[in-house]
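Trainee: Please take a close look at one part of this model, the contact between the chains. I would like a connected account, with the domain contact inside one chain set beside it.

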Amino acid sequence: MIEVKNVNKSFGENHVLHDFSAKFEEGQVNLIIGQSGQGKSVLTKCIVGLMEVDSGSVLYNGRDFSKMNRKERKDIRKEIGMLFQGSALFDSMSVEENIMFPLKMFTNMSKKEMQERADFCLERVNLSGRNKLLPAELSGGMMKRVAIARAISMKPKYLFCDEPNSGLDPSTSILIDNLIQEITYEYGMTTVVITHDMNSVIEIGDHIIFIHTGRNWWQGTKEEIIKTDNPEIIDFVYASKFMKNLKGKLA
Amino acid sequence: MSYIESVGKYVGMIRQVFSKPERLKVYYTRTLTEIETIGINSAGIVAILSVFMGAVISLQTASNMDSPLLPKYTIGYITRSSTILEFSPTIISLILAGKVGSNIASEIGTMRVTEQIDALEIMGVNSLSFLVLPKVIAAVFFFPFLIICSMGLSIIGGYYAVTLSELASHEEFVYGIRAFFKVSDITYALVKTCVFAFVIVTVSSYFGYFTKGGALDVGKSSTQAVVWSSIVILLTNFVLTQLILM
């Protein structure tokens, strides 16, 4: 479980996160949703330690990340897998090398064992046999799947996904969403997904946090978010005319 | 950002670059790759430049020797001295700052804007050490070889330019090359080369690593890397010349 307690983060005069607190449960897909510029990405960067918090704490199973020394942070990071918005695959490495990279750096596995692990991860994301391709030879959806394979290669306890559906068509988006949900349940990971995509919310959201003006504005389940009368959430969820009409019809 | 702040940031970066590597075997492999990328792949341009540089130095020297009191072997002597002391280590390093420096800054800058560096950090890899240290080792180790080749090729270029145009004979030029030779000149040139190699890689990596924004900013970082590497090379050249030769 990851617990965020009273986190504040500012950039000069711009206060991005205000006393933000939330819990991300183990074995669940936790979604962070909200409009652009509300602090979703900053929150994630603070949680994974790419940015330092001004005050407050981030606890990984009770261990305070902000109070850890360099070595302890390094150890925690080996338990984290992250799927970046643009996949962030290493251009100069093949698909297989990308997946084997963390194994090479942090384990004592033999080359054969690493290759077997890479094959397993690729099979898990339905990309068997694509080992030797370079990232430039992959489609957007395939790149995301390779990035998931790389993220799970070290069997992480925590998985972060920054807008996993951006730039993908609806059917590929659902495929990626389902993959994230499946591996979360399979490995019992604490998964945190940042998204704008309401399909994802309905499809995979076990626990949803709505972030607004840098605050934890609302949290609940996917069933609850559809029924809520919170005006900010209604503005976000039913932003398009189509959705507004749909809501009217459903009502 | 003030220059003092940038220098502080650069020093902080150097400290991190030389922190203990996670996995020596991976660093070793990366260093070999970097020797090929930034060393061997620069050999062609260094060779062409060196031959023509030597040819022009010897022709210029010959054309400016008006006094009949000056012996012809002076052409070979000046060609050798200016090539070893300044032209090969400094001019070739400036050329390498353009070729290798822009390459390093754009490579690391692209990794920064496409979140590849963030990915390394999330994995627990010291991204600065992983990306920069193999390049530093490769450049400091390999650039002296390039410069030694450059010295040889410059002298050969000078020899052919002078002898084919009959401005001096084979014997005169060769005598000039061998006259008043000091091994310390080579040492001085190689010390300078190692310092310049370090400057090129670290300054370019600095601009690449701290790139913010998108593709346009990667281009800007690349330009800044070349400009600042060149300025720092010229400054350190001045300081080293004062320290070693004076």
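Mentor: What follows goes through the contact between the chains and then the contact between two domains.

This is a predicted model, in which local features need pLDDT of at least 70, side-chain atom pairs count only at pLDDT 80 or more, and totals for chains, interfaces and linings use all residues. Residues are numbered from 1 along each chain as its sequence is written, chains are lettered from A and ligands numbered from 1 in the order in which they are written, and side-chain values use heavy atoms, with hydrogens and water left out.

The model scores ipTM 0.87 and pTM 0.88. For chain B the mean pLDDT (the predictor's confidence in each residue, from 0 to 100) is 93, and 100% of its residues reach 70 or more.

Chain B brings 19 residues to the contact and chain A brings 24 residues, where contact means heavy atoms within 4.5 Å. Between them about 1,900 Å² is buried, 63% of it from carbon and sulfur atoms; buried area is the accessible area (1.4 Å probe) that two parts lose on being put together, summed over both. Of the area that chain B buries against chain A, 37% comes from B:Arg23, B:Ile122 and B:Met123, more than from any other three residues.

Two salt bridges are counted between chain B and chain A, a salt bridge being a side-chain nitrogen of Lys or Arg within 4 Å of a carboxyl oxygen of Asp or Glu. Side chains of opposite charge can pair when their charged atoms come close. B:Glu22 is paired with A:Lys74, the closest N and O atoms being 3.0 Å apart. This pair joins two chains, because B:Glu22 lies in the loop between α1 (3–17) and α2 of chain B and A:Lys74 lies in helix α2 (residues 70–77) of chain A. Helices here are DSSP runs (H or I, at least four residues), numbered from the N terminus. A salt bridge also links the side chains of A:Arg77 and B:Glu121, at 3.9 Å from N to O. On the side of chain B that touches chain A, α2 (24–39) and α5 (116–123) of chain B each supply at least two residues. The most comes from α5(B), with seven residues. By class, that side of chain B has nine nonpolar residues (Ala, Val, Leu, Ile, Met, Phe, Trp, Tyr, Cys and Pro), five charged (Asp, Glu, Lys and Arg) and five polar (the others, Gly among them).

Now the domain contact. Chain A is divided into domain 1 (2–79 + 158–250) and domain 2 (89–155), with bounds from an automatic or database domain assignment. Their C-alpha centres lie 26 Å apart. In contact are 15 residues of domain 1 of chain A and 12 residues of domain 2 of chain A. The area buried between these domains is about 1,200 Å², with 72% from carbon and sulfur atoms. On the domain 1 side, A:Lys78, A:Leu179 and A:Tyr187 lose the most area to domain 2, together 40% of what that side buries.

The rule finds two salt bridges across this domain interface. The side chains of A:Arg124 and A:Glu186 meet in a salt bridge at 2.6 Å, N to O. Helix α6 (residues 170–187) of chain A gives the most to the side of domain 1 that touches domain 2, with nine residues. That side of domain 1 has nine nonpolar, two polar and four charged residues.
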